[in-house]
Amino acid sequence: MQGAVRNRQVILRAHPHGQPRESDFDCVASPLRSLELGEFLLRNRYLSLDAGFRQWMNEGSGDGYLPAMQLGQPVMGLVLGEVVESRHPDYSIGDVVMCRSRWEELTIADGADYVSVIQPDPEVPLSCYLGILGPTGLTAYFGLRDIGKVRRGETVLISAAAGAVGSVAAQLARIQGGRVVGMTSSGEKCRWLRDALGVDAAIDYRAAGGLDAALREHCPGGVDVYFDNVGGEILDTVMAHLRERARVVLCGAVSTYGATAPVPGPRNMFKLITQRATMAGFMVTDYVGEYPQAIEQMTAWLKSGQLANAEDVVLGIENTAAAFCRMFASGNRGKSVVRLQEPA
Ligand SMILES: NC(=O)c1ccc[n+]([C@@H]2O[C@H](COP(=O)([O-])OP(=O)(O)OC[C@H]3O[C@@H](n4cnc5c(N)ncnc54)[C@H](OP(=O)(O)O)[C@@H]3O)[C@@H](O)[C@H]2O)c1
């Protein structure tokens, strides 16, 4: 495959300031090198666009979990591809592999970085293994299972509910018997949450009346479980509505990833004390050993129609940056993925 083959990659051109812009990225092609012993070559079918990776685009943002992305280097991300060449004993031609890699059409991997071989179900679209059946859906699954612990009839509030993780969390909370209230950024997305995902109520957090009033209206007895994807002001406002023994699932803080100054902490922390509430963070990667059982369960719900697969698919690596920026402008519904074409 090497030789005349050129690999198109998306490069970080500038550290984004605030919201990422298309001009922070570039799509470039370079020749593919040969495989060394212990490596395999993936022809990537899909790239996963993950809001969480935005924080490692900031200058000097390496935090021990992942290194900061460097200017001029390919953007880090998750890919789903098929092994087309192998000099590695554990990976064979035809294997379908999900791994942490770069936004690129072809990946040379050595199996060391968060790699899993997928056994795709022929009745399930392949892209699901990056989204609802991949780290995205599993984030919702484990966060709700271990921290949210939803009980029948409880009110479950979800921020960025129309996004990738949020749309799965909303549906899982409904399966678990919760009364689900989703938050998103427009009336149109609220309608989609109710019609396509079956949430019991939806809140436009930007609406004129204010979030506090909307929470009083839609969560009149308070919030039992808050699955938080956004942090910041919205988290602070929700804290005032926690019910006794509430659980706050700290999944992400997308509203703060572009902050250029330290973000003030929630002011309403005292509510945790008076409401005997708990708040805990988690990383989905802690659960890698449990992925197969969780994927089996989620696949069953998907095939039975209890879970709907919500995807926002763009075609071609050259459209990756625009699709990523759209997520920070509230433009996506469900999981954002890039479907790749055959490399030249
Ligand atoms: N803990 C883990 O292991 C783990 C794993 C994966 C993801 N995550 C986290 O999960 C969250 C969602 O990630 P995702 O990849 O699924 O993205 P996503 O929800 O599909 O896309 C991001 C969404 O966030 C909302 N948003 C963007 N800017 C915002 C702002 N300033 N204030 C409020 N909302 C804003 C937008 O929805 P609206 O239209 O509703 O505004 C947008 O659609 C992120 O915080 C991410 O870090 C955590």
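Here is a short back-and-forth about this predicted model, going from its domains down to single residues.

Student: Let's start big. Which domains is the chain divided into, and how far apart are their C-alpha centres?

Tutor: The chain splits into domain 1 (6-131 + 310-339) and domain 2 (137-285). Take the C-alpha centre of domain 1 and that of domain 2, and the distance between them is 28 Å.

Student: How many residues of domain 1 are in contact with domain 2, and which class is the most numerous on that side?

Tutor: On the domain 1 side there are 17 residues, and they meet 15 residues of domain 2. Sorted by class, the domain 1 side has four nonpolar and three charged residues, against 10 that are polar. So to your two points, the count is 17 and the class is polar, going by the rule that puts Gly among the polar residues.

Student: What about the inside? Which helix gives the most to the largest nonpolar core?

Tutor: That core has 94 residues, and Ile158 and Ala169 have the most contacts inside it. Seven of the core's residues come from a single helix, residues 164-175, and that is α2.

Student: Which domains does this core draw at least three residues from?

Tutor: The core isn't confined to one domain. At least three of its residues come from each of domain 1 and domain 2.

Student: Which residues does Ala169 touch, leaving out those up to four places away in sequence?

Tutor: Ala169 is one of the two residues with the most contacts inside the core. One of its partners, Ile158, is the other. The full set is Ala140, Leu144, Ile158 and Phe227.

Student: Two of those, Ala140 and Leu144, are in α1's buried list. How many of the residues of α1 are buried?

Tutor: The helix is mostly covered. Its buried residues include the run from Pro135 to Leu144, and Gly148 is buried too. Out of 14 residues, the number buried is 11.

Student: How are α1 and α7 oriented relative to each other?

Tutor: Helix α1 (residues 135-148) packs on helix α7 (residues 291-304) with the axes 11 Å apart and an angle of about 95 degrees. Angles of 65 to 115 degrees fall in one category. The pair is therefore roughly perpendicular.

Student: Which residues make that contact?

Tutor: By class the contact has five nonpolar residues, one polar and no charged ones. From α7 come Tyr291, Ala294 and Met298, and from α1 come Gly137, Leu138 and Tyr141.

Student: Now some backbone oddities. Is Ala160 buried or exposed?

Tutor: Ala160 sits in the loop between β8 (155-158) and α2, and its phi is positive, near 45 degrees, although it isn't glycine. Its C-beta has 28 others within 10 Å, and 20 or more is the cut-off. That makes Ala160 buried.

Student: And Arg276, buried or exposed?

Tutor: Arg276 also has a positive phi, near 50 degrees, and lies in the loop between α6 and β13 (278-281). It has 10 C-beta neighbours inside 10 Å, where 12 or fewer is the limit. So Arg276 counts as exposed.

Student: Last one: which residues does Ala253 touch, again skipping those up to four places away?

Tutor: Ala253 is in the loop between β12 (242-250) and α6 (270-274). It counts as buried because it has 21 C-beta neighbours inside 10 Å. Its contacts are Val230, Gly231 and Gly232.

Terms used:
Residues are numbered from 1 along each chain as its sequence is written. This is a predicted model: local features need pLDDT of at least 70, side-chain atom pairs count only at pLDDT 80 or more; totals for chains, interfaces and linings use all residues. A nonpolar core is a set of buried Ala, Val, Leu, Ile, Met, Phe, Trp, Tyr and Cys residues joined through C-beta atoms within 7 Å. Helices (H or I, at least four residues) and strands (E, at least two) are DSSP runs, numbered from the N terminus. Domain bounds come from an automatic or database domain assignment. Two residues are in contact if their C-beta atoms, placed from the backbone, lie within 7 Å. Axes are lines fitted to C-alpha atoms, for helices over the stretch in contact, and angles run from 0 to 180 degrees between N-to-C directions. Angles under 35 degrees count as roughly parallel, over 145 as roughly antiparallel, 65 to 115 as roughly perpendicular and the rest as oblique.
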